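Colleague: Could you take me closely through one part of this model, the open sheet, and then place it against the other features that you would look at beside it? Please spell out the cut-offs behind each term as you go.

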Amino acid sequence: MPAVGISRTAYVSADHIRASFSAFPERGCRRSMREFKQVIRYFSILSSYLKSMVMDSRHVRYKRVIPKEFRLPFTSEDGSAGWTCFTYTIRFLNFKAGTDPIQQSASEFLLLSPQLLDEEVSSISVHLNLPAFAAVDSKLNYCGVLNVSPEKVETVKKFNIWLFHLAMGKCFALPKVSGEGKKNYYVLPCKPITGDTVPSPEELVDWHVVEIAITSSLLYRRKVPFFGGYATLDCQNTQSNEALDGGGLRMRNGIFQEHDLEDAVVTCANNGLPCFVSGILHDLSGSSFCSQSAGRKQISYSDYYFHECKYKLEYPDQPLLKGYRLVRAGNYVRRTSAVSNGDSVKPWETMELPPEVCILHVGLKGKLCRGGMRLPSILHSLEMSLVAAELRNNIGSPLSCFKVQEALTSGACEGNHSYETLELLGDSVLNFIGGVHMYIDFPSCTSELLHSYRHDLVSNRNLYKCGLACGLPGYIFAELLNTKTWVPPGPALEDLPQKSPDGQVIGLKTLADVVEALIGVTFLHGDLNSAVKTMVWLQVPIPFPEKIPEVIIADIQELMEARNTFKDHDIVTLEKKIGYQFKCKSLLLSAFDYGDEVTFTQSGVPRGSFQFQRLEFLGDSVLDFLIMRHFVQLYSAFNPEQLNDLRQATVNSENFACTAIRHGFHHYLKRMSPILRDEIELYAASVHREGGSPFGIPSRASPKAIGDLMQTLAGSILLDSNFDHDLVWKVLKPLLSPLATPKTVMRHPRRLLEALCHKQDLKLELQTIQLEGAVEARVYINQICVANSKHYEPTVARRLAAFTAFRSLSPKRNGLMYLDSVD
């Protein structure tokens, strides 16, 4: 017994310990004294572990890993204070106009990195869902090496401070640089790229725009009183008001021509808000009426500024400017379904502006600001991919970093991909590997104890502890991108207060789910050996044996030689029905040897079903794993709820029982009590009469023995094939067919009943009553009991009761039986 390995992560309750010791009197002869001492030591270690449980993780924050490419400082080839940078263009392609086509015009950028980026990430494409229902793809491409002179280094730093403060909506005056920041990379604006040929980095950087930006007076401000210092118009660009007759427009800081205002950036003197100009409204002037909501008194723009801003327009006959307020950057990598309609351009974001209340920032264009608003989403996605690539390299897996990124991303990020589906697959892989490990390493334990041990070994708390041990929290993306708190690239700044806690909250379940998702993705895009290697890196101590110990097969052969009641032609016939010829016939016999027909309890439950139960446990592990893999591979675009519907309709004892009846396997079940044999015959007759379904038949619950038969068969084939799970699926898939599909899958009866009651406005209540040796479930609708069912498993009792109630209320199923088809 590998007590040392399990003690690192396993957790077991006191009830499990008592259950284990209560089983010893009956099976004591099967255990040696050495095994007994090992079990005592095992439980002692686990009990001590209970005293050092993992702390509550709900309020623990973990700092996210900075990609290794951005952790190193810039260096220079000649040893000077200059930089040698690896550059990547950030270009915008495939623009889709929404209600605001002006967003198509946006500056493109050059990313400066101190190291070469991961080869796969260096050509990343990020889809952005922009405001006003627009969309665009951003594309990263390697451009070459750029040498930044020492004189330009300070300029690059100042530009990045200016740009990201503006994009993230932070009020600021350029602060002092205190050193290197957390993310050591930078961006610079590009000159327009025409054609397929990209110029060299030296020719591509638009240094003129950089100088204009850092010397401009443009700041991001929220609404503030602003007229105080600008009561007098600046006349430096004109000698008299007659200059207006030449076609110029009077701004607060001078007279400018219309072409100077194309996509120009201005600051509204009445409230301090930055805007960009998208056009000149020649049909509107200060004497025109403002657009008002219905029922409100109409008022001219001149009167509005006089009453609301205490300012009288001196040039009311000038045409108005159409302005767009410069809003803070948003999260543009959220999936479309998660973005509300309120994310479109709001009415107050567009405005008509008299030129004389606007301060023009000469040379600064709106496209630079619009491009800058997209950068936080693009760079955040780039960092996610680089972090995933780093983890992939640490694990040593040949996977795509984008697949690893999917396994690291929580649904809370509201992106197009998350780990939920991979977590389902990883959970089934863990249960399979854990099931094989328990079956091999605990040869004297019953099925109940094996289930308990495996559950404890792969519990969320244990997986959480494994994730902590390997430093996984820093690689996880568990929170929605918040552009207010996102840390931009560039230098560290002085005197900036920390307004939000550092790091992200990662709960116990989230970390455990990511562990399972990483195992799932390495298996899905690799094989079982890849998943086992990932488990080793994650410090999940569940080894997978290379082959079956000979003593296991020898014990089964010795047992079945003494108990075999099969005739040779029965074995041949049964193998033809199964579609597989066993190398070790004893494994086939053990799958159909239910118990002891002589020694059984008064209730008819056989005592000698030890090997049958263990095979059921092993087969349950492999069947759930194979069926989950089948659905994930076939329906990779499905969400977890749809996959769960498919699995629930396939992996359940009632469906397995109907399958065994359909193939006539129940006729070969040996060593049953007369009571159990009669129950199976009655159930088989009901199935043939009513027709089986994925959840059995509502009139009668399946006997456990017949429901376990498909699982014992799966377990015996797995052992006979030396853990060849692909062969097991090749044999069992035809037996389980037709498998559920999106168009034919039956939803869980309880969900069907809940939907029907909701549709018909009925009050539904489901009660469970514990009886001696069984559970009774009752369905009440409008306080009237309409169905009840008894079973030894509470979940089955509730399912059958709900099935019966649904059938009685909806003979035609009311169209609720099937899932909507998915294209």
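Modeller: I begin with the strand at the centre of your request, where E12 and strand E13 (residues 350-353) pair in the antiparallel sense over 4 bridges, with Leu321 standing opposite Leu353 in E13. This is a predicted model, in which local features need pLDDT of at least 70 and side-chain atom pairs count only at pLDDT 80 or more, while totals for chains, interfaces and linings use all residues. Residues are numbered from 1 along each chain as its sequence is written, and side-chain values use heavy atoms, with hydrogens and water left out.

Two strands pair if DSSP finds at least two bridges between them; strands (E, at least two residues) and helices (H or I, at least four) are DSSP runs, numbered from the N terminus. E12 also pairs with strand E11 (residues 274-285), in the antiparallel sense and over 7 bridges, and here Cys275 stands opposite Arg325 in E12. Strand E12 itself, residues 319-325, is mostly covered, since 6 of its 7 residues are buried, where buried means under 20% relative accessible area, exposed over 50% and partly exposed in between, for a 1.4 Å probe and protein chains only.

Taken as a whole, the open sheet has 5 strands in the order E13-E12-E11-E10-E14, with antiparallel pairing. Its edge strands are E13 and strand E14 (358-365), each of which pairs on one side only. Neighbouring strands of this sheet are turned by 45 degrees against each other on average, direction ignored; the axes are lines fitted to C-alpha atoms, for helices over the stretch in contact, and angles in general run from 0 to 180 degrees between N-to-C directions. At the E14 side, strand E10 (residues 264-268) is joined to E14 by 5 bridges, and the two run antiparallel, with Val266 opposite Leu360 in E14.

For a helix to set beside the sheet, take H12 (residues 447-457), which is largely enclosed by the rest of the structure because 8 of its 11 residues are buried. Among them are Leu449, Leu450, Tyr453 and Leu457, but also Arg454 and Asp456.

Turning to the rings, a search of the whole structure finds 19 aromatic pairs, counted when the centres of Phe, Tyr or Trp rings (for Trp, the six-membered ring) lie within 6.5 Å, with planes under 30 degrees apart called stacked, over 60 edge-to-face and the rest tilted. One of them, Phe70 with Tyr185, is stacked at 4.0 Å centre to centre with 25 degrees between the planes. This pair links distant parts of the chain, 115 residues apart, and both Phe70 and Tyr185 are buried. Phe631 and Tyr635 are also stacked, at 6.4 Å and 25 degrees, and both of these residues are buried. Ring pairs further link Phe432, Phe523, Phe544, Phe625 and Phe723 into a cluster.

Two arginines sit over ring faces, a description that requires NZ of Lys or CZ of Arg within 6 Å of the ring centre and within 35 degrees of the ring normal: Arg374 lies over Phe92 at 4.5 Å from the ring centre, and Arg614 over Tyr439 at 4.4 Å.

Finally, the protein averages a pLDDT (the predictor's confidence in each residue, from 0 to 100) of 82, and 82% of the residues score at least 70. Over residues 234-243 the pLDDT is below 50, although this stretch has 17 contacts (heavy atoms within 4.5 Å) beyond near neighbours in sequence. Where pLDDT is low, the predicted coordinates should not be read in detail.
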